[in-house]
Amino acid sequence: MLIMKKYDVAVIGSGPGGYVAAIRCAQLGMKTALIEKYDTLGGTCLNVGCIPSKSLLDSSHHFESAQKHFTEHGIEIQGEIKINFKQMIDRKASVVEQTTKGIDYLMDKNKIEVLHGLGSFEDATHIKIEGKDAQTIEAKNSIIATGSKPASLPFIQVDKERVITSTEALKLKEIPKHLIVIGGGVIGLELGQVYRRLGAEVSVIEYADRITPVMDAGLSRELMKVLKKQGVQFFLSHGVNKVERKGDVVHVTATDKKGGEINFQGDYCLVSVGRRPYTDGLNAQAAGVQINEKGQVVVNDHLQTTAKNIYAIGDVVQGAMLAHKAEEEGVVVAEFIAGQKPHIDYNLIPNVIYTWPEVAAVGKTEEELKQEGVAYKTGQFPMRALGRSRASMDLDGFVKILAHAETDEVLGVHMIGARAADLIAEAVTAMEFRASAEDIARMSHSHPTYAEAVKEAALAATENRSIHS
């Protein structure tokens, strides 16, 4: 007779939120199981999201640099620079494999039992696993970390061949001739830039009046200006109402804000209209876990569901769908279960777009501060005024700091430029310690670096004292 295994914590889903939660639970002395329905760990981020997309962004960036900038740097290449697209995709797959194997190592190191199969609740303390490691386990506490899937529009038939999501866009067999991107958000812009660099015509159709509509409007304008310069075409305030495939051609019909109709034809159409929480097969109701009309698991401030011994984190709950947000929530839940009093400040979780130039932001946007009636001041500094930017030929972008008009506390930092994804950590650190713009302005920054733009923007916000602009 098979004895039912018992655990202090069972984590369903092995993405960044799930596996980090499992590790923290194990560190805190809890017997932990990690349930994953796919063969590899890491979830969307490691397998078909953050990691593979960054691999293609880096590869395509190298190709673009070789084509456009090497000569100016004094590097001459004899003959035509060619793309081995298969090798580019293979390298991406290798990076993914190395990364997922790293998660396997971490599970072994922390003595976390990995169970492969679809996990579904029988009740609040029993989880049935169907698949490779079929069995039913008992868990004192459970953490739902099942993530999200690409969303679509009701009238779009995603065939995963010509009408595709981000998952398929990461493993195409050929470079598109004309890639039509529906949605001007993070995923569409990143993958659109990849294929534009590789020679595809790229058309981005966005329903809102600007791309990246949740970010500061200044960043949206600057990023679109740069991407237009690179050859990406934009159609803002356009609502897509028909997508039809005829053979190897995809026909997309959209309507502009004046009611005019425009038709697009391309060999591939990337549907990039966001992501939806994924709870399919979870059988949440059997455990007393409530799911709202948006498909999100309902949680309280401690990320507890309506079943008090079950928690939910990451894309499956409210808030930004970001891997690092899921990780922070995983740690918070593990520590809360252990009886600690952890805290997470959602206002200080940075948001990043990994185009080049990169875009990064933390805290309040100007639009939010205006809406909330907060008196603020602005300091902005252009990247092109930096010696480091001139040396590397990365001249586009700026850093903008928003500070309280009276207290000078930094309320938001918004940047677009080389290595902005890394630079934003300085802003997060400053804001975690409730620094003022003057605090940042008085810090010594290495010269020459891109980070000097942060200091200069802080100086600009402090009585307009910027030195180099």
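**Exercise 1. Disulfides**

Find how many disulfides the whole structure holds, then examine Cys 25 and Cys 50.

*Solution.* Start with the criterion: a disulfide is a pair of cysteine sulfur atoms within 2.5 Å. Searching the whole structure with it gives zero disulfides. Now take Cys 25, which is in no disulfide. Its nearest cysteine sulfur belongs to Cys 45 and is 20 Å away. Next, accessibility: buried means under 20% relative accessible area, exposed over 50%, and partly exposed in between (1.4 Å probe, protein chains only). Cys 25 has 0% relative accessibility, so Cys 25 counts as buried. Cys 50 has 29%, so Cys 50 counts as partly exposed.

A note on the source: this is a predicted model, in which local features need pLDDT of at least 70, side-chain atom pairs count only at pLDDT 80 or more, and totals for chains, interfaces and linings use all residues. Residues are numbered from 1 along each chain as its sequence is written, and side-chain values use heavy atoms, with hydrogens and water left out.

**Exercise 2. The second largest pocket**

Describe the second largest pocket: what is its volume, and which residues and helices line it?

*Solution.* First, the terms. On a 1 Å grid over the protein atoms alone, a pocket is an open set of points with protein on both sides within 12 Å along at least five of seven lines, whereas in a cavity a 1.4 Å probe fits but cannot get out. Lining residues have an atom within 4 Å of a point. Grid points are joined across faces, edges and corners, and the volume is the space filled by probe spheres set on the points.

- Volume: the second largest pocket holds about 740 Å³ of space.
- Lining: 27 residues line the second largest pocket. Nearest its centre lie His 61, His 69, Trp 356, Met 393 and Asp 394.
- Helices: these are DSSP runs of H or I with at least four residues, strands are E runs of at least two, and both are numbered from the N terminus. Helix 3 (50-68), helix 6 (186-197), helix 7 (217-229) and helix 10 (387-392) each supply at least two lining residues. Helix 3 gives the most, six residues.
- Classes: the lining has nine nonpolar, nine polar and nine charged residues. Here Ala, Val, Leu, Ile, Met, Phe, Trp, Tyr, Cys and Pro count as nonpolar, Asp, Glu, Lys and Arg as charged, and the others, Gly among them, as polar.

**Exercise 3. Salt bridges**

Count the salt bridges, then place the pairs Glu 64 with Lys 68, Asp 159 with Arg 245, and Arg 442 with Glu 438.

*Solution.* A salt bridge needs a side-chain nitrogen of Lys or Arg within 4 Å of a carboxyl oxygen of Asp or Glu. The count is 24.

Step one: Glu 64 and Lys 68. Their closest N and O atoms are 3.4 Å apart. Both residues lie in helix 3, four residues apart, about one turn of the helix. Glu 64 is buried at 11%; Lys 68 is partly exposed at 47%.

Step two: Asp 159 and Arg 245. The closest N and O atoms are 2.9 Å apart. Asp 159 sits in the loop between strand 7 (148-150) and strand 8 (163-164), and Arg 245 in strand 12 (residues 239-246), so the pair ties together parts 86 residues apart in sequence. Both are partly exposed: Asp 159 at 26%, Arg 245 at 32%.

Step three: Arg 442 and Glu 438. Their side chains meet at 2.8 Å, N to O. Arg 442 is exposed at 62%, while Glu 438 is partly exposed at 29%.

Step four: the network. Salt bridges that share partners join Asp 159, Glu 161, Arg 162, Glu 174, Arg 245 and Asp 248 into one network.
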